[in-house]
Every structure is written in C-alpha cells, then in structure tokens.
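The exercises below are meant to be worked through with the sequence and the structure side by side. Each task is followed by a solution that goes step by step.

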Amino acid sequence: ASSDYIKPDGTPAQLTVTGKTNTGEEQDLTNATIIYESLNPEIATVTDTGAVHAVAPGKAVIKVTVTV
C-alpha cells in the first residue's frame, strides 16, 4: 500500500496493482478481476479502472480486491 497526496483540482491519481505470491514471486494479473472501492467516497472516489478523484480534503481508504 502506498499513500499519495491528491489535490482536488480534477486531476486523478492512477492506481496500479502488482501481484505477488506468498513466496514473493510475481503473479500475472492479465486475466484477473480487479475491483476498486472507496471506503470514504465523501473524500475520494475511484473508477472501475483505478483512477482516484479527490472530492474533499481528508484521508480516504481505497480497497482493492483481486481475483485470479
């Protein structure tokens, strides 16, 4: 997980997901289903493709669920 500062000026931040196994090997996510969800939509929203848009000042948690 990482933290970025996003200004509410209309410019979204793009999330990227990298898969790794429990042994640290990279996992191909080409055919994976990736679902993004903002747990604080009053602060930030997120699109189906992982673009995060600031709505108001504050901190937001973006939940990402990956199914391979």
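**Exercise 1.** Which residue in β6 is the bridge partner of glutamine 14?

Solution. The model is a predicted one, and in it the bridge partner of glutamine 14 is alanine 51, which lies in β6. Turning next to the strands themselves, β1 and β6 (residues 51-54) run antiparallel and are joined by two bridges. Placing this pair in its sheet, one finds an open sheet of three strands with antiparallel pairing, in the order β1-β6-β5. The edge strands of that sheet are β1 (13-14) and β5 (44-46), each of which pairs on one side only.

**Exercise 2.** Determine how many helices and strands the chain has, and describe its burial and contacts.

Solution. Counting the elements gives zero helices and seven strands, so that, because a strand is a DSSP run of E with at least two residues, even the short β1 (13-14) is counted. Of the 68 residues in the chain, 18% are buried. Among contacts with a separation of 6 or more, 44% are between residues 24 or more positions apart. The chain exposes about 5300 Å², of which carbon and sulfur atoms supply 50%.

**Exercise 3.** Is valine 66 buried or partly exposed, and which surface patch does Val66 help to make?

Solution. Valine 66 belongs to strand β7, which spans residues 62-67. Its relative accessible area is 35%, so valine 66 is partly exposed. Together with Val64 and Val68, Val66 makes a nonpolar surface patch of about 250 Å².

Notes:
Residues are numbered from 1 along each chain as its sequence is written. This is a predicted model: local features need pLDDT of at least 70, side-chain atom pairs count only at pLDDT 80 or more; totals for chains, interfaces and linings use all residues. Side-chain values use heavy atoms; hydrogens and water are left out. Patches are made of residues with over 30% relative accessible area and no salt bridge: like charges are joined within 9 Å, nonpolar side chains (Val, Leu, Ile, Met, Phe, Trp, Tyr) within 5 Å. Accessible areas come from the Shrake-Rupley method with a 1.4 Å probe; for residues, only the protein chains shown count as cover. A salt bridge is a side-chain nitrogen of Lys or Arg within 4 Å of a carboxyl oxygen of Asp or Glu. Helices (H or I, at least four residues) and strands (E, at least two) are DSSP runs, numbered from the N terminus. Buried means under 20% relative accessible area, exposed over 50%, partly exposed in between (1.4 Å probe, protein chains only). Contact means heavy atoms within 4.5 Å. Two strands pair if DSSP finds at least two bridges between them.
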